[in-house]
Amino acid sequence: MISREPTLERLATARALLLEPFGLDESHLARALAEIRAHRVDDADLYFQSTRSEGWSLEEGIVKTGSFSIDQGVGVRAVSGEKTAFAYSDDISEASLLDAARTVRAIASASRTARVKLPAHRVAPSRSLYPGVDPIGTLDSTAKVALLEQAERMARAKDPRIVQVMAGLAAEHDVVLVARADGTLAADVRPRVRLSVTVIAEQNGRREMGSAGGGGRFGLAYFDTARLQSYVDDAVGAALTNLESRPAPAGEMTVVLGPGWPGVLLHEAVGHGLEGDFNRKGSSAFSGRIGERVAARGVTVLDDGTIADRRGSLNVDDEGHATQRNVLIEDGILRGYIQDAMNARLMKVAPTGNGRRESYAHIPMPRMTNTYMLGGDKDPQEIVASIQRGLYATNFGGGQVDITSGKFVFSASEAFWVENGRIQYPVKGATIVGNGPDALTRVSMIGNDMRLDTGVGTCGKEGQSVPVGVGQPTLRIDGLTVGGTA
């Protein structure tokens, strides 16, 4: 549910942290916005942020590093047409705020000054998707170290072939305040935690690695013994599977993708191509195709920033808009794009709650939140059994995509060779090559096991990184090119 009540609570937190210690209040924000709007601009905003981060890492049985940092500042933006002027400062003060405002107003399309009547402040409606807890304080330092040491003991006890264990724990408390030229005030208090486990297994002189982990927007108590054991089981299982792997065959073949994290292929191959900036500029393979069939029947793709506690979710985006559940592709038909405020205005559509930025030192742009494909009606075992000769990929490493052509390349970190419906052996070195829009038309079976990833995703775009989520059911795609080493 969207309401103004949670925003009022978060605004109080943001004021206490980002304004009051520096002698600022809403009147100073209004004055800075008035400085910008004295020249003709289409939009302007102020983005205040304070981020506290902590990280711990274990290697060779010892917690070797622990870090803590505080970063705070303000970003000031003016938009005129397609042009953006942006300035930021890590000094939160009235002088810095006004200096930044005067700097960005130079973008104005008209050089003459004008009198501006300021709109009344309006508290933006928002969601309550996660607690406003500071996760750094939810466990003491001793307990954090013990958690990582427990992960190592579990991994070594799992199998004698585990020769090395690395584990990391990260927590972040992020408070933001957005003031827009139209009078909108919005705030968010964003917790985020992540735990990762990486193991190396050795057998007959051969070494292989496996990784697992998860997290989201909550406190560190989430990582209980059962969850830690599941991460360890997955990491050790992946390493031991890869010890038995053989070189991957190459060629055009049927590929079945497992549920959950393999949705990262969907994120790269399709999601980026549906971001508003690429489509406004006509540089995406999906440009101008709203209402057209771009995928096989049954393929429905969403970007949803409203899922409780998820790593990619936000109560409000970094422009003060409430996040939404956006249907991008419905039963194979392209329905919409992911929009921030500027691209939405230029394309004459509404923002979709996808204006995101890495920090106060970066400009917002349209970015994904949690991007996933809905499930179908097929049993996953039936899908694997349908493969005559092909690849069953259950986990992925990195990948990249060319937005203009839609071409993507992905490396499978855990995959199996299948013949006559039976898994034969694990393979190593498989890369999946294809074209996003084309690959979606080749989806022939969709599983009933849609799953989101465990909470590990980070997306990069134009030098900015933001946390995201991905997901999908088991999926059969016909005629993909697999690059192998066999």
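I began at Leu391 and, leaving aside its neighbours within four places in sequence, I listed its contacts as Met253, Thr254, Val255, Val256, Ala415, Phe416, Trp417, Val427, Ala430, Ile432 and Val482. I keep in mind throughout that this is a predicted model.

Entry on the cores. I then looked up the largest nonpolar core, which has 44 residues, and found Leu391 listed with Leu257, Val299, Ile329, Phe396 and Ile432 as the residues with the most contacts inside it. Ile432 also appears among the contacts of Leu391. Apart from this core I noted another, of 31 residues, among them Leu33, Phe48, Ala87 and Ala187. As background I wrote down that in soluble globular proteins nonpolar side chains tend to be buried together.

Entry on the cavities. How many cavities of 30 Å³ or more are there? I counted 2. For the largest cavity I recorded a space of about 80 Å³, and I found 13 residues in its lining, with Leu265, Leu266, Val270, Leu440 and Ile477 nearest its centre. Which elements each supply at least two residues of this lining? I identified helix H6 (264–271), helix H10 (436–441) and strand S25 (475–483), and noted that H6 gives the largest share, 4 residues. By class, I sorted the lining of the largest cavity into 11 nonpolar and 2 polar residues, with no charged ones.

The second largest cavity came out at a volume of about 40 Å³. Its lining, as I listed it, consists of Glu268, Ala269, His272, Gly273, Ser284, Ala285, Phe286, Val401, Ile403, Gly406 and Pro437. Here I sorted the residues into 6 nonpolar, 4 polar and 1 charged, and since Asp, Glu, Lys and Arg are the residues that count as charged, I take the charged one to be Glu268.

Entry on strand S1. I turned next to S1 (residues 43–59) and asked how many of its 17 residues are buried. I found that 14 are, and I therefore describe the strand as mostly covered, buried being under 20% relative accessible area. On one side I followed its antiparallel pairing with strand S2 (residues 62–80), which runs over 17 bridges, and I also followed an antiparallel pairing with strand S5 (residues 162–180), over 15 bridges. Asp45 served as my marker for both pairings: its bridge partner in S2 is Arg77, while in S5 Asp45 stands opposite Arg180. Where S1 turns into S2, I noted a hairpin with 2 residues between the strands, in which Glu60 takes a positive phi near 55°.

Methods. Residues numbered from 1 in each chain as written. Predicted model: local features only at pLDDT ≥ 70, side-chain atom pairs only at ≥ 80, totals over all residues. Heavy atoms only, no water. 1 Å grid on protein atoms, 1.4 Å probe; cavity = no way out; pocket = protein on both sides within 12 Å on 5 of 7 lines; lining within 4 Å. Points joined across faces, edges and corners; volume = space filled by probe spheres on them. Buried < 20%, exposed > 50% of the residue type's maximum accessible area, 1.4 Å probe, protein only. Pairing = 2+ DSSP bridges. Core = buried A, V, L, I, M, F, W, Y, C linked by side-chain atoms within 4.5 Å. Contact = heavy atoms within 4.5 Å.
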